[in-house]
Every structure is written in C-alpha cells, then in structure tokens.
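Work through the exercises below with the structure open. Each task is followed by a solution in steps.

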Amino acid sequence: MSDLLRLATAGSVDDGKSTLVGRLLYDTKSVLADTLDAVHRASADRGLTTPDLSLLVDGLRSEREQGITIDVAYRYFATPKRSFVLADTPGHVQYTRNTVTGASTAQLGVLLVDARKGVIEQTRRHAAVLALLGVPRLVLAVNKIDLVDFDEVTFARIAKEFTAHATALGYAEDAVVEIPVSALAGDNVVERSARTPWYDGPTLLEHLESVPVEPDAHDAPFRFPVQYVIRPRTAEHPDYRGYAGQVAAGTVRVGDEIAVLPAGLRSTVTGIDTADGPLPEAAAGHSVTLLLAHDLDISRGDLIATAGQPPRVTDEFDATVCWLSEKPLTPGARVLVKHGTRTVQAIVTELRTRFDEQKLGSTDAPDSLSLNEIGQVSVRTAEPIPVDDYTKDRRTGAFLVIDAADGSTLAAGLVGAPLPEVDGVDSCTEGGDAALPDNHALVSPGP
Amino acid sequence: MTTATALDTLGRLESEAIHIFREVAGEFDRPVILFSGGKDSTLLLHLAVKAFWPAPVPFPLLHVDTGHNFDEVIEFRDQVVARHGLRLEVAKVQDYIDDGRLAERPDGTRNPLQTVPLLDAITGHKFDAVFGGGRRDEERARAKERIFSLRNSFGQWEPRRQRPELWNLYNGRHRPGEHVRVFPLSNWTELDVWHYIAREGIELPSIYYAHRREVYLRDGMWLAEGPWGGPREGEEKLEKTIRYRTVGDGSCTGAVESDAADIEAVIAEVAASRLTERGATRADDRLSEAAMEDRKREGYF
C-alpha cells in the first residue's frame, strides 16, 4: 500500500468545504496549538462562540473577509497509516479552473454536497471534471447531515443518485463511496458518529487511510521527456553526456532499446545515473539521468520512449481543453502548446464540440469557448510532437495551452480525451443548434 | 512493484524537487538560489547539487543579509559556498540603512527590510528565476503559493491572478522585468525536511542543535545577545540550553529550550511539538492575521 494519497476537494460554495478540511486537520491533530490559538482569537473577534474551522484554511485576506475560498491551497497531514496531500479547491463557478488544477494530480476526489440540497448541477459538473481529468476514485461527503435530522432516507436517496451519475461517467461502483458527515460537528469525519446508527461504512478518514491507491504506471510503455543535457566538461568527467529527466511512465532498464522522438533515432540505454550512484532500472516518478550507447543529437524537448511501443508522432490531433482564461478561444487561434518539456507553436483549427454542463452531454461546433468551458478541439502544431492519449497516460497525454503574447496559461489540454456523455445524450441529434450556440441551454429539451 | 525503484515519500519529494530544478535550468536565462545558510536553503542547495551531478550547479547564490546574523550561520554559509565552488552574491540591508535608502524600524527587526535589497538585487543582476526554500506548510498564505509563482515588475505577488498549475507542467513564461519565484520544497513539511536531512547526512549550522547560550526573554521568546540590541532594561540574561528551529534575522528569531543535541533527538522533538515552526520562534508573523500575505504582496518571499 502506498504511504501517500493525493486528494482534491470540490464542491459548491457554502457547502462547508473549508470547514470539512479544517475538521480533518483539527481532528487528526494536524493543527498545532499556536495556529489553533490564532483561530480562536480570530473567531472571537468575529463574535463567534465556537471556533470557525474554515479560518484554518482560508488564508487570504479577501477569503477571510468574504468567508469564501478563492484559490487552491495545499494542505499536508498524516496519520500513522498514511500521509496526505490535499488540494483544497474553491467551489465558486468562476474559480472552477482551480478544480481542474487540483484534479490534475489527484488520486481521489472528495465532493461535498449539502444534505438539504442533494446532488446539484455543480456536483454533477465537478464529478464530470474529475472523471475527465482521470481522477481514479471519488468520495461524496453528504455534509450537514445534522440539518436533515440524520435522516437515513435522505442520505440513501442522495447516495443512489450520485452513484448512478458516477457510474454513467465511467466509474466502477467500488471506486465511489458516499459518507454522511457533519463537518461543523465532526460526525463521521474522523470520529464515528453515534447519531447515524444506520450507517455502517467508514468515516471519511478511515476511508482515506484504507482506499487503494492506483500505483504509478510502472507497467505502461516507458516515456521520458528530456529536461536537460548534463555535460560537465570537467577533468573528472570530460566526455560525460547524460540526458536528465523524470520518468513519466513505465520502467527503463540498462540494456533497453529506446527511440528518441520526434526524430525517430534509435539507441540503447547503457546507464541510469543518479547523484547517489547508478541504478539497474528506474520507474515512473523517478528523476534520473540516462546514458546512451550512441552520440545522438538529443536536447530538451525530445522524448525518449521504449522502442517497441513508441507514442504517435503527429502534428495534428484532437484534444479536450478546459478553458481557463477570460480571453475566449475561437477557431484559428494561434497559441503555444507545452507538452512534456517541449513548447511548440500551434493553431486551434477547429472547435468540434462543447461540453454542455446542464445536460452533461456535448453539443456541436461552438463559435467559441469561454472561461470554465470544456470542449473538444482540433490542434495543428508547427512541428510534430510525440503524444499518447490522455486516457492511456496522464503525463504524456497532457499539455498546456499558453498565450504567446503574455505567457498566461489559457487551458489544460488532454490529447484525445472524449467528453463525458451522460444519460445517453447524443450530440449528433442536435446539429440544428449549431447556429445558435449561445442558446443551447434554453432551446434544448428537458431531461 | 517490489523493486528498489518504488519511491517512498522522501524519494518522491526529492525527485519532484530535482525535476523542478532541471525545468528552471532548461527554460530560464538567469536563475539564482536564495541562500542564507539556514536549513531550508541548505536542503535546497543539496537538491540542486543532486539535480545536476556530475556537473556543477549552474546557478549562483544570493544572500539578503540583514546584518543581524548568527556568526555560526555566516561561517557555515561561506564554507558551503566554497566547498561547492559556487558564486555568492550578498545584498546587505546595512548598506541601505547607511546611505539612507532604508530606515531602521522602531521595533529593531530588520526582517521586513529585506524586500527592497532583494528586489534591487533581482533587477540589478537581471535574475529571471529566484529559488526559495518556502514550504506550503509554513503558513496559511504560503499554502496558496504555486511552485512557479509569477511576480510583476514590482516583485509583487498577486494571489487572485495566479496561474493554474497543472500536472507537473510548469509555465515559466514571463515578460521583461517580471520574474518567477520557484519553490521546489513546496510539498515538504518541517518533519519531511528533518527526516531528509537525517537520511542524507546533511550538515547544518551548529545552532540547530542544543547548546548553552545566554538569552533573555522578550514577548515570550528567548532571544540571544547580538547586534540587534538587547537585553533592554528589565530583560534579564540567563544561561539556558537552547536550540534554534528556524534561523533568520536575529532580532526576531527566538530559540526554543531543548536538549535535542543530535538529529534523532531533533526529529523526536519536532514530531512531538504542539507549536508550529514559525509560531514558536518568528515574531514577524505575529504582527497581524495576514502578516505573511501582506509582506508577500510587497515582494517578500
């Protein structure tokens, strides 16, 4: 079992996400006395009689003033069983891009709903974003269960609806767990609640401690974006030439045959170096330096891959993008694509579909994608790049879309990733809507 | 997989930091490592050495010297720099006070005064990437910090305008005059730092371990005598067995009473402590609820 779990929270504003995170930290005794004193003082200053646990995590002035979370924060806590890195992401619609940020590296997503409201559109949307980004497991924390009198029927109804939604998004049933909690009072977060005798599942923490973590893709085909060429030119190492990088997927062994892409050169691995000495093999996640049998022209931006199963090298591909910028995307946009360690000029030649957040299906060719919208696009790059499908490899299938003029990050890109389709929505039947892209939600029939 | 290649937590953190160092080396023209001789910057340098081995670290170091240093730390700083054959730039707060560009604060602390010399050094040397040892577990505002953090031409952090940071694809693009602060230790906790120092046998300034020293009590913290003034009237000097948990400007860095004379004892003490590193010994964070955020907005690390 892995000793580390990376998780991301998501949920609608005011559903108590910061309080839940504060409660997790507080009840696992991850909050030290001086920090807690500060929260007690700040709560008292605001006229509260009990400490406001959300103040543990909402660290920015404007967050504390408004009582909302604006930006992703990373929290660290540990129990004797496991360490946790938690990306605490905001729920406000205009900050959904931060859900994408948190989800890009998460192994588990914790979605919150208010037990009084149940599964709402934002829940469905966040679950779809987590599914799209390839987060392997979900937890639905049905919060404020105290405000529905710890009602089993209410919980069961919400759990059933969420399971159905998650399985429609492609999750196996055992990858999704629902837990009734009260973040404010602490029920079933760390301590088991006596007020939900009908619930026999784990508390949130018990689940986080025991949920299987998908191992790094050690068995996947080997992928290694070259970051930097190490050439000491010192008396001790006059001829040393090593290719430094982090193994993105798979395993490499001394003696392996490799291909260098996009050029397509071949060679053999003669050494795997680290500052601590040579290794016989290195697997996903490991930063190493590769030595090769031949003196090839290899530089930052190249990808070293197993010769037997190389990625596809192409200058045209389809991808899903999560648009993260206020500047909308229109067809023909000239952008930069950062894939692995290579940044290339690119044109978004076509907007193929837009993800319809109301119906959780996709609609036909939009005129533009704006902030927080997700859609499928066609991309043409100025030079060929080696890509895998995102669903096969989260690292070599991912890319950034960058604004060439001001350097800002415009979008998260996922090569080939199909948009989630729920409830059998068939985008082909909606061709007539293409002329009215902005009115989709209005003209489409109800479920 | 049960081979030696499966990484444990420290291995993952090390690998991530090395990846970050190499990204910066690959994409920026003039990076620099902020180096004070404290444990976080010593760890940072250790990781940089590993990232480029067997080649030398391709960056110079920069120390923003408040003039309120512990002798042991400056001595250690110079030894480490010499051992690795690196170039050290020093920006001195004292120079700014001497020629009137900065004024001594009434409370005597010089920590907040570091911002101007830091930004001047960045501009003067045209540094475009500045590595710092900041960790997200240190403070609420730090928890919001990206690994690549864009600063405008005034060196300011704008929390509402941070770039999303996705996968391990870091966007280091910046316009002339802007620079990027880079935090390879973002995902480390204080305990991770100490466990790693133990695992790697990293040498630190001696004052991190228990020793006898004359100190006096001010605002609940044990301060040592030094160029920062004190003890003042009514502050009694006592000899105590103490150690330092953080090492910064002497005027606002307090010692903790401790018998932890070696690394195992320090790890046990940190693991059992009910006080955070900064809360225990850093007066500058106590100024207001958002003291760190406010300083970062001004350009502080």
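**Exercise 1.** Decide whether A87(A) is buried or exposed in this predicted model, and describe its surroundings.

Solution.
- Step 1. The relative accessible area of A87(A) is 4%. The cut-off for a buried residue is under 20%, so A87(A) is buried.
- Step 2. Place the residue in the fold: A87(A) belongs to strand 3 of chain A, residues 83-88.
- Step 3. List the contacts, leaving out residues up to four places away in sequence: L7(A), A8(A), T9(A), V72(A), A73(A), Y74(A) and G102(A) are touched by A87(A).
- Step 4. Compare sequence and space: G109(A) is 22 residues from A87(A) along the chain, while their C-alpha atoms lie 9.4 Å apart.

**Exercise 2.** Give the strand order of the open six-stranded sheet in chain A, and state which strands stand at its edges.

Solution.
- Step 1. The order in chain A is 2-3-1-4-5-6, and the pairing is mixed.
- Step 2. Strand 2 (73-78) and strand 6 (176-180) of chain A each have a single partner strand, so these two are the edges and one side of each lacks a neighbour in the sheet.
- Step 3. On average, and with direction ignored, neighbouring strands of the sheet are turned by 25° against each other.
- Step 4. For one pair in detail, take strand 5 (residues 137-143) and strand 6 of chain A: they run in the parallel sense and share five bridges. Here V142(A) of chain A is found opposite P180(A), which is in strand 6.
- Step 5. Add the helix: helix 5 of chain A (residues 121-132) packs on the sheet and touches strand 1 (4-11), strand 4 (108-114) and strand 5. The directions of helix 5 and strand 4 of chain A make about 175°.

**Exercise 3.** Check the length of helix 1 (residues 9-27) of chain B against its expected span, and state how many of its residues are buried.

Solution.
- Step 1. With 19 residues at 1.5 Å a residue, the helix should span 27 Å.
- Step 2. The end C-alpha atoms of helix 1 of chain B are 27 Å apart, which agrees.
- Step 3. Of the 19 residues, 16 are buried, so helix 1 of chain B is largely enclosed by the rest of the structure.

**Exercise 4.** Describe the interface between domain 1 and domain 2 of chain B.

Solution.
- Step 1. The assignment gives domain 1 as 9-192 + 290-298 and domain 2 as 206-287 of chain B.
- Step 2. Taken over C-alpha atoms, the centres of these two domains of chain B are 23 Å apart.
- Step 3. In chain B, 24 residues of domain 1 contact 25 residues of domain 2.
- Step 4. The two domains of chain B bury about 2,000 Å² between them, with 53% of it on carbon and sulfur atoms.
- Step 5. H68(B), F70(B) and E190(B) supply 31% of the area that domain 1 of chain B buries against domain 2, more than any other three residues.

Terms used. Residues numbered from 1 in each chain as written. Chains lettered and ligands numbered in written order. Predicted model: local features only at pLDDT ≥ 70, side-chain atom pairs only at ≥ 80, totals over all residues. Heavy atoms only, no water. Pairing = 2+ DSSP bridges. Helix = DSSP H or I, 4+ residues; strand = E, 2+ residues; numbered from the N terminus. Axes fitted to C-alpha atoms, helices over the stretch in contact; angles between N-to-C directions. Contact = heavy atoms within 4.5 Å. Expected span 1.5 Å × (residues − 1). Buried < 20%, exposed > 50% of the residue type's maximum accessible area, 1.4 Å probe, protein only. Domains from an automatic or database assignment. Buried area = accessible area lost by both parts, 1.4 Å probe.
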